Structures are given as structure tokens and as C-alpha cells.
Amino acid sequence: MRSQLFQQAQEISQPGMHLQNHKMLRVGLNGEIFARQGAMIAYQGQVDFDYQGAGGVGRFLKKAFTGEGMPLMKVSGRGDVFLARDAWDVHLIDLEGHDSITVNGDNVLAFEPGLAWDIKRVQGAGMAAGGLFNTTFTGQGRIAIACHGTPVLLNIDQPTFVDTDAAVAWSSTLQTGVRRTMKAGALIGRGSGEAFQLSLQGQGFVLVQASEGAPVPVQAG
């Protein structure tokens, strides 16, 4: 049997978290990682999956109050695990000791357990701004993020404003806040927070996806 597919889609073989392709993460597991609940699409070997909620009582209370979208599962054992999210583009970020990054919880696909993380609120973001709670990662380890569409990396060297649903990740050293559109009815953004934008100042970067993310399903009344 012959097909180019058998070459192009052949499983890679490396320990740890690596891209199988730009839509899929492969984890050569020998221990544990944390992943977004429901992200597993296939696995081989002796692997267990345990629901983690928000990962600790304090973070659970924050999640319950904020609606931060990062339901977690702990993946442990030995084997190969494949993770994806609705065919979104997957990217890897390596933190090296003193690094820190803030990520929209909706974009987190998986991360290594050696990283410290916490849910924090964007300064100046009241409940009227839709919450604007995100997850800060620090330490040394790898994070896999999923972006809805090809993202753009903007260098921050002047005041920058990003649609709240399009902001994927940014430097934790940046000063953040919320800017309200002068005319509340002006639909200037792509996402649900058209009247509010995330404001960023300082020196650093912001990763912006080409969409407001997955559409919210409409439930029949």
C-alpha cells in the first residue's frame, strides 16, 4: 500500500512535548503533565487521566468567581498522548527559569508540571469588562498554546490595544488595563467585548490570534 499520507502523517518519536504537526501536540509521556480537559484525541501505553478542576482550592475559588476558562486534567503514566483543540494551530513556548508569561486560559492546551501558575485579574478590569482574568506561568518548562487562526506577535514599545477575545498571551512585565470604547455601541472589535480593549504598556510583546476564538453554541430554548 502506498500513499504520501503515510510519510506526511507518520508519528514522531521524541520524549516530552513536541508538535506532531501544526494542529496537534504529541507528548512522549514518562511522568505527568497538565492538559486542557477534553483535549486528548489518541493515546498509546499505560496512561491515566484525572480531572483537576482549576488546580487547587484557591484557584478553584478564583475560577468559580471569574469564569476563567481553563478546566484541567492531569495526564500521568508512560506512553504517547496526542492533544488538539478543534484543529486550532498549536505553538510551544519554553520558559527558562526567571521567565514569566500571561496566557488567556482559553488558549492553554497543556503545560509541564514544573511550572508555577495562578489565575490573576487584569488591573482595572471590573466585572463590566467581562472579567478579564488570565493565567500567569512562571519558572522553567514548556507550555503548549492553541490559537484560533494564525497569530501575529506584536512588539510593545508604545501603548497598544487588543480585543479582549483576540489576546492570546503577553509579557507579564507589561502594565495592563482596560480601555472602554468612547461610544459604547461602536462595534470596533471582533469578539464579544467590542466596547472594551486590553491595554498594554511597557516593553514586551503580545500574541494576537486572528479570531475571537470558538463560537459560543446557541442552545434551543
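Over which ring does the charged end of Arg179 sit? The ring is that of Phe161, and the charged end lies 5.2 Å from its centre. This is a predicted model. Arg85 offers a second case, with its charged end over the ring of Trp88. The table sets out both.

| Charged residue | Ring | Distance to ring centre |
|---|---|---|
| Arg179 | Phe161 | 5.2 Å |
| Arg85 | Trp88 | 4.4 Å |

**Nonpolar cores**

The largest nonpolar core has 19 residues. Leu95, Ile101, Val103, Phe111, Phe137, Ile143 and Ile145 have the most contacts inside it. Several strands each supply at least two residues of this core: β5 (89-95), β6 (100-103), β7 (108-111), β8 (116-121), β9 (133-138), β10 (141-147) and β13 (167-171). β10 gives the most, with 3 residues.

Take Ile143. Neighbours within four places in sequence aside, Ile143 is in contact with Met17, His91, Leu92, Ile93, Leu95, Ile101, Ala110, Phe111, Leu115 and Phe137. There is also a second, separate core, made of 16 residues. Val27, Val47, Val81 and Ala110 are among them.

**Aromatic rings**

The structure holds 4 aromatic pairs. One of them joins Phe111 and Trp117. Their rings are 5.9 Å apart, centre to centre, with 65° between the planes. That pair is edge-to-face. Phe111 and Trp117 are both buried. Ring pairs also link Phe34, Phe111, Trp117 and Phe137 into a cluster. Phe111 and Phe137 appear again among the residues with the most contacts inside the largest core.

**The loop at Gly97**

Gly97 lies in the loop between β5 and β6. Is Gly97 buried, exposed or partly exposed? Its relative accessibility is 34%, so Gly97 counts as partly exposed. Leaving out residues up to four places away in sequence, Gly97 touches Gly139 and Gln140. Thr138 is 41 residues from Gly97 in sequence. In space, the two C-alpha atoms are 7.6 Å apart.

**The second largest pocket**

This pocket holds about 200 Å³ of space. It is lined by 13 residues. Which of these are closest to its centre? They are Thr102, Arg121, Thr136, Trp170 and Thr176. Four strands, β8, β9, β13 and β14 (175-180), each supply at least two residues of the lining. β8, β9 and β13 also each supply at least two residues of the largest core.

Note on methods
Residues are numbered from 1 along each chain as its sequence is written. This is a predicted model: local features need pLDDT of at least 70, side-chain atom pairs count only at pLDDT 80 or more; totals for chains, interfaces and linings use all residues. Side-chain values use heavy atoms; hydrogens and water are left out. A nonpolar core is a set of buried Ala, Val, Leu, Ile, Met, Phe, Trp, Tyr and Cys residues joined through side-chain atoms within 4.5 Å. Buried means under 20% relative accessible area, exposed over 50%, partly exposed in between (1.4 Å probe, protein chains only). Contact means heavy atoms within 4.5 Å. Rings of Phe, Tyr and Trp (its six-membered ring) pair if their centres lie within 6.5 Å; planes under 30 degrees apart count as stacked, over 60 as edge-to-face and the rest as tilted. A charge sits over a ring if NZ of Lys or CZ of Arg is within 6 Å of the ring centre and within 35 degrees of the ring normal. On a 1 Å grid over the protein atoms alone, a cavity is a set of points where a 1.4 Å probe fits but cannot get out, and a pocket is an open set with protein on both sides within 12 Å along at least five of seven lines; lining residues have an atom within 4 Å of a point. Grid points are joined across faces, edges and corners, and a volume is the space filled by probe spheres set on the points.
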